[in-house]
Amino acid sequence: MPIINALEQQVSEILRSLMIPGTLHGHQYLVTAISQTVIDPARVLYITKELYPDLAKQYGSTVPNIERVIRHAIKRCWSRGGREALDQVAGIHLNQRPTNSEFIDLVANYIRIRGKN
């Protein structure tokens with residue numbers, strides 16, 4: 001069982017509040033992607049060239065699978081009651097479901113802002 005650091009624990013709790021349960025593969029992929037983006041905001045700029053391939057290598061998966069599973073987790077948040085919490089994380093009302101990179105950036109930025117307070 002992997003050791004979870006404080007940042008990953010915080011990300012996991014936020015994802016659960018967004019109705020993305022830990023039982024989804026996308027949950028763990030998002031924990032890793034968001035944690036890395038909190039530390040290095042530029043990671044989200046290279047999501048398909050660097051972030052997805054790194055996740056695929058780390059989890060023994062493929063880039064298309066990583067992208068699809070993360071998208072599914074975000075769809076679940078959007079359709080199963082996580083929209084209000086996501087609006088709070090975003091700081092605005094979202095009229096459409098965010099893309100994978102937008103979602104990762106929103107949550108990472110939320111954590112960075114919370115850390116400054």
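**Entry 1: S12**

I began with S12, which has a relative accessible area of 10% and is therefore buried. The cut-off I applied for that label is under 20% relative accessible area. The model I am reading is predicted. I placed S12 in helix 1, which runs over residues 6-17. I then looked up its contacts, leaving aside residues up to four places away in sequence, and found that S12 touches H27 and V31.

**Entry 2: Secondary structure**

I next listed the elements of the chain and recorded 6 helices and 0 strands. Following the sequence, I noted the pattern as α-α-α-α-α-α.

**Entry 3: Aromatic pair**

I searched the whole structure for aromatic pairs, and the search returned 1. The partners are Y29 and Y59; their ring centres lie 5.0 Å apart and their planes meet at 55°, so I entered the pair as tilted. For this step I needed the limits on the angle: under 30 degrees would count as stacked and over 60 as edge-to-face. I also checked where the partners sit: Y29 belongs to helix 2 (residues 25-39) and Y59 to helix 3 (residues 47-59). They are 30 residues apart, and the pair links distant parts of the chain.

I then asked of each partner whether it is buried, partly exposed or exposed. Y29 has a relative accessible area of 7% and is therefore buried. Y59 stands at 27% relative accessibility, so I entered it as partly exposed.

**Entry 4: Overall dimensions**

I compared the radius of gyration with the value for a compact globule. With 117 residues, such a globule would have a radius of gyration near 13 Å; the chain has 13 Å, so the two agree. Along the principal axes, I recorded that the C-alpha atoms fill a box of roughly 35 × 30 × 30 Å.

**Entry 5: Burial, contacts and surface**

I looked up burial for the chain and found that 42% of its 117 residues count as buried. For contacts, I considered those between residues at least 6 apart in sequence; of these, 57% join residues at least 24 apart. I entered the accessible surface of the chain as about 6900 Å², with 52% of it belonging to carbon and sulfur atoms.

**Entry 6: Charges**

Last, I looked up the charges of the chain and noted 14 positive and 10 negative. I recorded 6 Å as the distance between the mean positions of the two sets.

Methods: Residues are numbered from 1 along each chain as its sequence is written. This is a predicted model: local features need pLDDT of at least 70, side-chain atom pairs count only at pLDDT 80 or more; totals for chains, interfaces and linings use all residues. Side-chain values use heavy atoms; hydrogens and water are left out. Helices (H or I, at least four residues) and strands (E, at least two) are DSSP runs, numbered from the N terminus. The radius of gyration is taken over C-alpha atoms; the globule rule is 2.2 Å times the number of residues to the power 0.38. Buried means under 20% relative accessible area, exposed over 50%, partly exposed in between (1.4 Å probe, protein chains only). Contact means heavy atoms within 4.5 Å. Accessible areas come from the Shrake-Rupley method with a 1.4 Å probe; for residues, only the protein chains shown count as cover. Lys and Arg count as positive and Asp and Glu as negative; His and the chain ends are not counted. The place of a charge is taken as NZ of Lys, CZ of Arg, CG of Asp or CD of Glu. Rings of Phe, Tyr and Trp (its six-membered ring) pair if their centres lie within 6.5 Å; planes under 30 degrees apart count as stacked, over 60 as edge-to-face and the rest as tilted.
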